[in-house]
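Welcome, and please take a moment to turn the structure around before reading on. The paragraphs below will walk you through it one region at a time.

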Amino acid sequence: MFKIIKKSHKYSARRGLLKTLHGEINTPFFMPIATKGAVKGLTPRDLSELKVQIILGNTYHLFLKPGLKLLKKFKGLHEFMNWPGPILTDSGGFQVFSLAGIRKLSEQGVEFRSHIDGEKIMLTPEDSIKAQLAFGSDIIMALDECIPYPSDYGYVKDSIALTARWAQRCKREFTKKKNKNLLFGIVQGSLYKDLRKASAQSLVKIGFDGYAIGGLAVGEPEEKKFKVLDFTLPHLPEEKPRYLMGEGTPRGILEAVKRGVDMFDCVIPTRNARHGLLYVNLKLSGLNKVYFDTVKIKNNKYKNDSLPPDPKCDCYTCKNHSRAYLRHLFMMEDYLGQRLATIHNIRFYMRLMEKIRKNI
């Protein structure tokens, strides 16, 4: 399922191959966010041309719309989207964090009030697994409580125990049927070294196909995030893929790769693109440091700029359009501007991962 092909001599970085139902993925990799079954503004064909290997959908949102009934009719999310590649789906655990004001937590699971119409929705660990299997997800995440930052020690201690019990129930539900989907557990524990260790060890004891580090990139200082990785990763099996959830800064990705992380996701490239911020001039100094600039395309200085957004980029946007045209589209509030910017930013992140794999 996961094979390590090459290891860095200087760092703990590794290059690997992850086999899924819908194809093999070269690691380390970055997943664009397709929360509700679409990467905003892009077609599946766009994603393939940008050399995206895998996308991420969200169980909570897909559960609400389009809903399980419709997705079952289409035999899953792949056919519904017409996306041939692998899909990872979040368990709904992040909404435990992001929708804290409209949910209740219990041993049974999470009760949400739909942000759409206020309807009560109960999501148990078993429900989360059943839904993700119905989606046809290649990588399924166990339901967890994503802990906010900061959180006191006593709360976190109780929370990781609950996450472990939910993880056991997820594994039990997942193994009821023989399937080739992959199931990942999620390590929590906030910034507490002993609790991260305890969480990791409890999940390894249950046994998963891969392990995610959750509860980071939620507002904690960047250096503290790296320290958590330093004292968490040694407790995870080296032969299994490791996933840092929600990490999306180029520096953060590189620092995590150096520590032995294989998988990443974030809304940063697509969200920033829609606001007119483009990543350009990518350079990598081995695995030591990443360099890049940003272009705020609405800036007046680009009004007559005939250069492409990034002269060194090979995406459709940079091969065919100028900064002046892209700025014009944003100033006219034409959605094509957001789409072209998104195409570029996604390609920037794919090029970043390609360079990282090459340097490993």
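Let us begin at His321, which, leaving aside its neighbours within four places in sequence, is in contact with Leu307, Pro308, Pro309, Tyr316 and Leu340. Contact here means heavy atoms within 4.5 Å. You will find His321 in the loop between helix 11 (316-320) and helix 12 (323-331). Helices (H or I, at least four residues) and strands (E, at least two) are DSSP runs, numbered from the N terminus. For a sense of scale, the C-alpha atoms of His321 and Ala217 are separated by 34 Å, and these two residues are 104 apart along the chain.

Two remarks on what you are looking at. This is a predicted model, in which local features need pLDDT of at least 70 and side-chain atom pairs count only at pLDDT 80 or more, while totals for chains, interfaces and linings use all residues. Residues are numbered from 1 along each chain as its sequence is written, and side-chain values use heavy atoms, with hydrogens and water left out.

Staying with helix 12, look for Arg323, which forms a salt bridge with Asp305, the closest N and O atoms being 3.3 Å apart. A salt bridge is a side-chain nitrogen of Lys or Arg within 4 Å of a carboxyl oxygen of Asp or Glu. Because Asp305 lies in the loop between strand 16 (289-296) and helix 11, while Arg323 is in helix 12, the pair ties together parts that are 18 residues apart in sequence. Both Asp305 and Arg323 are buried. Buried means under 20% relative accessible area, exposed over 50%, and partly exposed in between (1.4 Å probe, protein chains only).

How many salt bridges does the structure hold? There are 17 salt bridges. One of them joins the side chains of Arg251 and Glu223 (3.1 Å, N to O). This pair links distant parts of the chain, with Arg251 in helix 9 (residues 250-258) and Glu223 in helix 8 (residues 222-232), 28 residues apart. Arg251 counts as partly exposed at 37% relative accessibility, and Glu223 is also partly exposed, at 45%.

Helix 9 has another pair to show you: the side chains of Glu255 and Lys258 meet in a salt bridge (3.2 Å, N to O). Because Glu255 and Lys258 are 3 residues apart in helix 9, about one helical turn separates them. An α-helix has 3.6 residues a turn, so residues three or four places apart point the same way. Glu255 and Lys258 are both buried.

Now move to helix 5 (residues 125-135). Since 8 of its 11 residues are buried, helix 5 is largely enclosed by the rest of the structure. Among these buried residues are Pro125, Glu126, Ile129 and Phe135. Just after helix 5, Gly136 takes a positive phi of about 80°. Which residues does Glu173 touch, not counting residues up to four places away in sequence? Glu173 touches Glu126, Ile129 and Lys130. Glu173 itself sits in helix 6 (residues 153-174) and is buried, with a relative accessible area of 11%.

Our last stop is Lys36, in the loop between strand 4 (29-31) and helix 1 (44-49). Is Lys36 buried or exposed? Lys36 counts as exposed because its relative accessibility is 55%.
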